[in-house]
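Visitor: Could you take me through the strand pairing in this one?
Guide: Sure, have a look at it first.

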Amino acid sequence: MDDPLTMDHMNGTAGDEPVPGPASVSPGGTGGGPPDGFVESMAQLAAGVGVVCVRDGRDDLGVTVTALTSISLDPPLFMVSLATASYVSEVLDRVDRWAVSLLGGSQATIASRFASKGRPGARLLLAGTPHHRGAASEALIVEGGVAALECETVQRVTAGDHTLFIARVLAVPYVEDTRPPLLRLRSRYRALS
């Protein structure tokens, strides 16, 4: 839902449902939308799938993301891109600490839950799914994935209709390098085999 470079995001979804193509625009992209073929071309990029969670008072929020990457080793910096108009982005504007769980190949259902519109709080979405609260971020961390990071935002960058949240990595609760990761490619979740 919050990936600026995939077909699912450009149309406001991140689940497994097919997504309609972009609005017609001129090749230069001057019609108020992306150039013809942009959305489809970006859907050809395989991307790792994560769930960003943040604690907001007594509430826990989360969203599926595919625009996430390591930025720097020294200091250790990580970045996620979220639609600026999203509620999670609004919360991250005032709460600096959050966590991202990098999902494993068997966790497509979790990705779909956190990508659906009108989703309930993260605690309900994780009912029956192993998870814990991070010590450094107080955010929920999904267990059974390939890795998890607890982060603290150090910079926010507006980029079109998205905000890039660049964060210092505070802790790495786990890394499971023997599990296959969950990927998003051509508007579908896929396990790397």
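What follows is a short chat about its strands and one helix.

Guide: This is a predicted model, where local features need pLDDT of at least 70, side-chain atom pairs count only at pLDDT 80 or more, and totals for chains, interfaces and linings use all residues. Residues are numbered from 1 along each chain as its sequence is written, and side-chain values use heavy atoms, with hydrogens and water left out.

Visitor: How many bridges join β4 to β5?
Guide: 5 bridges, between antiparallel strands at residues 68–73 and 76–83. Strands (E, at least two residues) and helices (H or I, at least four) are DSSP runs numbered from the N terminus, and two strands pair if DSSP finds at least two bridges between them. β4 and β5 make a hairpin with 2 residues between them, and Ser 72 is opposite Leu 77.

Visitor: And which residue in β10 is the bridge partner of Phe 78?
Guide: Ala 167. β5 and β10 (residues 162–175) are antiparallel, joined by 7 bridges.

Visitor: What about β9 and β10, how many bridges there?
Guide: 11, again antiparallel, with β9 at residues 147–159. Glu 152 has Arg 168 as its partner. In their hairpin, Gly 160 has a positive phi near 65°.

Visitor: Different topic: what is the strand order in the open sheet of 3 strands?
Guide: β1-β11-β12, paired antiparallel. β1 (47–48) and β12 (188–191) each have a single partner strand, so one side of each lacks a neighbour in the sheet.

Visitor: Which helix lies across β11 and β12?
Guide: α4, residues 108–115, at about 155° to β12. Axes are lines fitted to C-alpha atoms, for helices over the stretch in contact, with angles from 0 to 180 degrees between N-to-C directions; contact means heavy atoms within 4.5 Å.
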